[in-house]
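Colleague: Got a minute to go through this model with me? Put it up and we can start.

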Amino acid sequence: MAKAEQLSTTHAAELHMDGIPQYAGNIVSMMEQGLQMAETRRLRGKQLGKSVSVHEGAKADLVFLDLFDEDGDQVIVPVSIAGARGDMVTLAFRDQVSEQTGTVLRLLKNEHQSSRRGPADEDTLGEFRRRSVRQLDKIMGSFVLAAADHLFDLSGRPQARDMQDSLYECMGILKRSKGAIVEAFTDQIGAYFDQPLRPEKQETMSVDDVEFGDLDLVDIQDFEDSLAIDRMVKEGQNRYGLPMEALTVRFAEIAGTEPLDTRLPVHVRQLCSAFRESIRERGISTKVAPELYNFFAAQVIRKLDSFYTSLNVFLRERNIRPDIDEDLKKHGSLLERMQQQKQKIATPAKPRPDKPKTPEKRELPTEEEARDLLAEARQAGLAEGGQGTAQGGAAAPAAGGPAAGGPAAGGPAAG
């Protein structure tokens, strides 16, 4: 990097990583490709001494606390950690030619410290909507112009000769229809704000909903558009999962809806769907459409860090779920936890099988009681045996006895 140029006025700022404020300090000097932050300190966790430990190459959003653009929004610029020495951290701009970088350099060079022009506190939802649409209007305006230039450059490549006419035609459509495309895009985002609840049926077709045998019933261009949108949504979810969920929970708070039932109007899926609607029916060739989607992914979807950070910062400053970012970082997705709890409540508990009845427990006799019982049993057995013998003798007298009519009985002798 070039030699640092000391600023006459320092500017308080924070470094947000994964949407969470992690470090604070003062921007004291400016370089052509970055900035220097002094008196850097951790906002969360412990810090040993005055030295700050940061990972070189780590990505962050630099949020100025006292710099605001012409719309009154806090200035935020994507940066990466270029180095650290003691409490001095060197920051590199992640995109040297972005609008955010240009705004920061312009304001710092002019030593401009603008005042915030915030709305009344009770208009949080309305201001959130205005900020979102205003930023997206700028993003889409820059994208359409850049896309036209990109198609012009692409038309000059040897491998694009067979689609040169289609590229020129699409380039002309973008230039002529720039205002209409941007307006259609922001109007669709506004429609999402008007309907913050999730629709029962997904508004855009997903490739997961199409059976192989039904492909001949689906418009091929719609199917290819859905493929492109699915790819962008998955990439966006991987990049901005935490800040988007934090924004969803905060938006539900100000919209008065349940988080699980809420559709974030500025979710990556909604941005992609709005883009598709903005270019639909404009005569763009099916040959060029994939290139246009790829460029939208590169120039818009992959550069939404500061967009989501700025909206979360705005709502956090309004005390809308100020700790939700840290909660998501520590405990994982809140929406998934809520969904699991909802399913648990909705699923009836299975009845438990009846336990087999166990015989009543009997107390065992003591050793002395056992001896007495045994003696009684023996005595009873002997008595029963003797009585049985006597009864048997009476019932069955011996042969030849008096009862048989023998001589001792005085009976007649046998003849």
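Modeller: Let's start with Glu39, which lies in strand 3 (residues 34-42). Helices (H or I, at least four residues) and strands (E, at least two) are DSSP runs, numbered from the N terminus.

Colleague: Before that, what kind of model is this, and what pLDDT do local features need?

Modeller: It is a predicted model: local features need pLDDT of at least 70, side-chain atom pairs count only at pLDDT 80 or more, and totals for chains, interfaces and linings use all residues. Residues are numbered from 1 along each chain as its sequence is written, and side-chain values use heavy atoms, with hydrogens and water left out.

Colleague: Fine. What is the phi of Glu39?

Modeller: Positive, about 55°, although Glu39 is not a glycine. Glu39 counts as partly exposed because its relative accessibility is 49%. The cut-offs: buried is under 20% relative accessible area, exposed over 50%, partly exposed in between, with a 1.4 Å probe and protein chains only.

Colleague: Which residue pairs with Ala24 in strand 3?

Modeller: Arg41 is the bridge partner of Ala24. Strand 2 and strand 3 pair in the antiparallel sense over seven bridges. Pairing requires at least two DSSP bridges between two strands. A hairpin through two residues joins strand 2 to strand 3.

Colleague: And strand 2 itself, buried or exposed?

Modeller: Buried: twelve of the twelve residues of strand 2 (residues 20-31) are, so the strand is largely enclosed by the rest of the structure.

Colleague: What about strand 1 and strand 2, how many bridges there?

Modeller: Nine, in the antiparallel sense, with strand 1 spanning residues 5-17. Glu5 stands opposite Met30 in strand 2. The hairpin of strand 1 and strand 2 has two residues between the strands, and Asp18 there takes a positive phi near 55°.

Colleague: Switching to helices. How do helix 2 and helix 3 cross?

Modeller: The axes of helix 2 (residues 124-155) and helix 3 (residues 164-176) come within 9 Å and cross at roughly 160°. Axes are lines fitted to C-alpha atoms over the stretch in contact, and angles run from 0 to 180 degrees between N-to-C directions. Helix 2 and helix 3 are therefore roughly antiparallel, a term for angles over 145 degrees.

Colleague: Which residues meet there?

Modeller: Among them, Val144, Leu151 and Phe152 in helix 2, and Leu167, Met171 and Leu174 in helix 3. Contact means heavy atoms within 4.5 Å.

Colleague: Last one. Where does Asn319 lie?

Modeller: In the loop between helix 8 (305-317) and helix 9 (324-331). Asn319 has a positive phi near 65°. Asn319 is exposed, with a relative accessible area of 56%.

Note on methods
Parallel < 35°, antiparallel > 145°, perpendicular 65-115°, else oblique.
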